[in-house]
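Me: I am new to this structure and should be grateful for a close look at a single part of it. Please describe how the helices of that part meet.

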Amino acid sequence: MPGKRIRELRELLNITKHEFSHKTGLPFTCLKAVESGAAHPDLEYIQLILEKYPVSAQWLLRGQGPMIFPEDTTELLKDPRMARMLLFLDTADDRDIDFVLSVMDRFTKGKAG
């Protein structure tokens, strides 16, 4: 559950619920409910966490892979567009990814010519 992993991340960062709430913009009472499993975070909130902290979307959403990205990856997440793209790719199925790759191929071929 993402709530449990959000709590793990917050504890690893050694920050209080109040600090995490302030930095991410989620009201304290909502954060408390998310961490306890009583509520589920929406994708906008997940994206805010990904923008603020060097955490893997795959780990945060699914509990798979490493929790923290290497240092050089965190620069990508500072751009909200990149964080949004990474979140999409992390939650997309194979068909969606194939479609995005085909669009990228057409775009890069158009640039080369």
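Reply: The following account concerns helix H2 and its surroundings.

This is a predicted model, in which local features need pLDDT of at least 70 and side-chain atom pairs count only at pLDDT 80 or more, while totals for chains, interfaces and linings use all residues. Residues are numbered from 1 along each chain as its sequence is written, and side-chain values use heavy atoms, with hydrogens and water left out.

The setting may be given briefly. The chain has eight helices and zero strands, and along the sequence the pattern reads α-α-α-α-α-α-α-α. Helices here are DSSP runs of H or I with at least four residues, strands are runs of E with at least two, and both are numbered from the N terminus. Of the 113 residues in the chain, 31% are buried; buried means under 20% relative accessible area, exposed means over 50%, and partly exposed lies in between, with a 1.4 Å probe and protein chains only.

Two packed helices are described by the angle between their axes and the distance between the axes. Axes are lines fitted to C-alpha atoms, for helices over the stretch in contact, and angles run from 0 to 180 degrees between N-to-C directions. Angles under 35 degrees count as roughly parallel, over 145 as roughly antiparallel, 65 to 115 as roughly perpendicular and the rest as oblique.

Helix H2 covers residues 17–24 and helix H3 covers residues 28–36; their axes come within 9 Å and cross at roughly 110°. H2 and H3 are therefore roughly perpendicular to each other. On the H2 side, the contact (heavy atoms within 4.5 Å) is made by Lys17, His18, Phe20 and Ser21, and on the H3 side by Phe28, Leu31, Lys32 and Glu35. By class, these residues are three nonpolar, two polar and three charged. In this classification Ala, Val, Leu, Ile, Met, Phe, Trp, Tyr, Cys and Pro count as nonpolar, Asp, Glu, Lys and Arg as charged, and the others, Gly among them, as polar.

Ser21 deserves separate mention. This residue of helix H2 is buried, with a relative accessible area of 9%. Leaving aside neighbours within four places in sequence, Ser21 is in contact with Leu26, Pro27, Phe28 and Leu31.

H2 also meets helix H4, which covers residues 43–52; the axes of H2 and H4 come within 9 Å and cross at roughly 95°. H2 and H4 are therefore roughly perpendicular to each other. Here Phe20, Lys23 and Thr24 in H2 meet Tyr45, Leu48, Ile49 and Lys52 in H4, a contact with four nonpolar, one polar and two charged residues. Phe20 thus takes part in the contact of H2 with H3 and in that of H2 with H4.

H3 has a further partner in helix H1, residues 2–13, and the axes of H1 and H3 come within 6 Å and cross at roughly 110°. That makes H1 roughly perpendicular to H3. Gly3, Lys4, Ile6, Arg7 and Arg10 of H1 touch Leu31, Val34 and Glu35 of H3, and the residues of this contact divide into three nonpolar, one polar and four charged.

Between H1 and H2 lies a loop that contains Asn14. Most residues other than glycine have a negative phi. Asn14, although not a glycine, has a positive phi of about 60°, and Asn14 is exposed, with a relative accessible area of 69%.
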